[in-house]
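Open the viewer and follow along, one selection at a time. What is there to see at each stop?

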Amino acid sequence: MTKYDNNLIKKLPSIFSNFDRLADILNQISDGIYITDPDRKILFWNLAAEKITGYRQEDVLGKYCADNILAHTDMAGNKLCGEDLCPLHKTMHENQKPGSPLKVKAKHRDGGRVVVEVSFTPLYSPEKEIIGGLEIFRDVSESVELEEQKARFFSSLSHELKTPLANMQGYLELILAKDAGPLNEVQEEFLKTVYEQEQKLSAIIEDLLDMGHFESTDFSYEKNLLDLSEVLNNVARSFYAMALKKGLDFKYDLAPGLTLLGDRERLTQAFNNLLGNAIKYTEKGTIELNAGYDRESGEIVVKVSDSGIGIPEDDQKAIFEMFYRVENPGTRSQGGTGVGLYVVDRIIKRHDGRIHLESTNGAGSTFTVYLPGSPDGGKES
Amino acid sequence: MSEEKTILIAEDDFSLNRLISFKLKKEGYLVISTADGEAALRAALNENIAAAIIDIMMPYLDGIQVLKKIRSEKPHLPVIILSVKSRKTDLHQAYELGANDYISKPFQPEELIKRLKELIGDN
């Protein structure tokens with residue numbers, strides 16, 4: 001429902017009874033705007049629409065937008081024009097609710113394509129009859145191109161960075177396995193340090209590449225029916241030794257058969273990041289991983305708790321932002337890029353879930369993840 | 001191993017090539033190491049090899065072309081293709097042309113050795 005101040009509107013009758021005044025205003029707006037009749041004949045075309053598409057008012061007024069003028073397609077190039085496909089037609093005649101803006105490609109007068117973000121809405125008479133449609137569109141070509149460039153950059157960077165690191169790791173492993181001959185104690189110790197540092201560097205690069213990956217437009221998730229209990233079990237097992245090595249207790253209690261539609265690799269990564277953090281920021285005490293099903297809300301609930309340094313209240317809101325790192329003056333710096341929790345948040349949101357943090361500075365943190373799913377292998381609908 | 005098997009490596013990244021060769025020799029294999037597609041193809045067709053490990057991006061002749069030509073002469077030679085993870089089309093192409101396995105870079109050399117052994121029955 002649109003809200004407006006009725007008193008204010010009463011003072012402005014001239015604008016709404018006089019389309020010239022309204023047109024002046026619409027021509028000042030930097031988004032492209034056009035108005036059609038119910039058959040999608042173009043009645044108004046603002047100056048920004050001219051600028052974005054190259055079509056002048058005299059080119060389009062009185063024509064039908066189906067006359068191959070903008071010829072919208074989706075980003076993959078599939079036609080969105082014609083009665084059964086046109087989103088404007090659907091909002092006017094098929095009662096389709098105007099949704100969030102759609103990213104589409106529109107034809108430019110010079111034959112090229114511009115990427116625009118469009119929204120559609122029907123126009124009603126005071127008697128609630130449909131008298132036309134309104135389309136508003138914004139040129140986003142530049143930002144789409146930037147995103148694509150970024151994705152390509154990250155993809156090549158990924159290869160360029162990972163290849164030499166993988167080679168270094170391979171050779172270091174050979175040397176440390178004494179495959180290249182004996183080592184004295186000091187050499188072995190120093191090379192182990194080199195190896196550890198190389199591992200750290202690899203982890204940081206993985207983080208950065210993940211971030212690039214998540215930002216890129218062509219990033220897709222798999223959607224398979226999967227056993228989250230099994231995913232969590234694998235994650236727990238892979239961290240068990242690490243926790244024990246650090247002298248921490250590691251308890252986990254996972255209800256079996258928790259099932260959801262999702263991406264196994266991505267969810268594994270999310271819980272890896274959460275458990276990895278829990279262990280990294282905990283010097284003594286207990287790490288806990290629990291998973292169950294909340295029948296009331298119909299959600300899978302996964303809790304990752306630690307008894308570590310905790311997160312100060314001031315930092316809790318920003319903790320899921322990219323590059324955010326808590327500066328803790330009293331503790332030793334742990335190293336890291338501030339990408340891990342950002343990635344977790346993105347993954348959980350892409351699975352229509354949410355994540356909640358409860359923490360007291362100095363007294364541990366609990367991350368609770370809620371994911372839509374089912375408790376028994378998807379048998380119960 | 002009763003008799004020594006020969007493995008062909010075609011990889012233009014010198015350090016990775018040497019790393020794989022070293023590991024294979026340690027496992028008791030003989031190794032023919034090549035760094036471009038033409039040399040790889042010559043070796044694949046003329047030498048008595050038990051399997052080939054072929055990188056896709058190589059000078060002169062890429063790994064896909066090498067695989068194609070190998071398949072027309074030696075349809076049953078076990079071939080493992082190496083490539084960069086982000087290039088998904090490579091994977092499809094490689095399997096369509098009859099690659100037996102595919103490993104995306106970077107990888108753990110142990111993983112490659114394990115898959116190679118499975119492929120040629122040296123477990």
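Start with the surface of chain A. About 21800 Å² of chain A is exposed. Carbon and sulfur atoms supply 51% of that area. Keep in mind that this is a predicted model.

Now colour chain A by secondary structure. You will find twelve helices and twelve strands. Next, look inside. Chain A has 381 residues, and 41% of them count as buried. Then turn to its contacts. Take those in chain A with a separation of 6 or more: 59% of them join residues 24 or more positions apart.

Add chain B to the view. How much area do chain A and chain B bury between them? The figure is about 1200 Å², with 56% of it on carbon and sulfur atoms. Select A:Asn167, A:Tyr171 and A:Leu174. Together they supply 37% of the area that chain A buries against chain B, more than any other three residues.

Widen the selection to every contact between the two chains. On one side are 13 residues of chain A, and on the other 14 residues of chain B.

Next, pick A:Asp179 and B:Lys26. These two form a salt bridge, with their closest N and O atoms 2.8 Å apart. The count between chain A and chain B is one salt bridge. Polar contacts cross here too: five residue pairs, both partners at pLDDT 80 or more.

Last stop: helix α7 of chain A, residues 141-176. This helix gives eleven residues to the side that touches chain B, the largest share. Colour that side of chain A by class. You get three nonpolar, six polar and four charged residues.

Key: Residues numbered from 1 in each chain as written. Chains lettered and ligands numbered in written order. Predicted model: local features only at pLDDT ≥ 70, side-chain atom pairs only at ≥ 80, totals over all residues. Heavy atoms only, no water. Helix = DSSP H or I, 4+ residues; strand = E, 2+ residues; numbered from the N terminus. Buried < 20%, exposed > 50% of the residue type's maximum accessible area, 1.4 Å probe, protein only. Contact = heavy atoms within 4.5 Å. Areas by Shrake-Rupley, 256 points an atom, 1.4 Å probe, with all protein chains shown as cover. Buried area = accessible area lost by both parts, 1.4 Å probe. Salt bridge = Lys/Arg side-chain N within 4 Å of Asp/Glu carboxyl O. Polar contact = N/O pair within 3.5 Å; in protein donor to acceptor, adjacent residues only side chain to side chain. Nonpolar A, V, L, I, M, F, W, Y, C, P; charged D, E, K, R; others polar.
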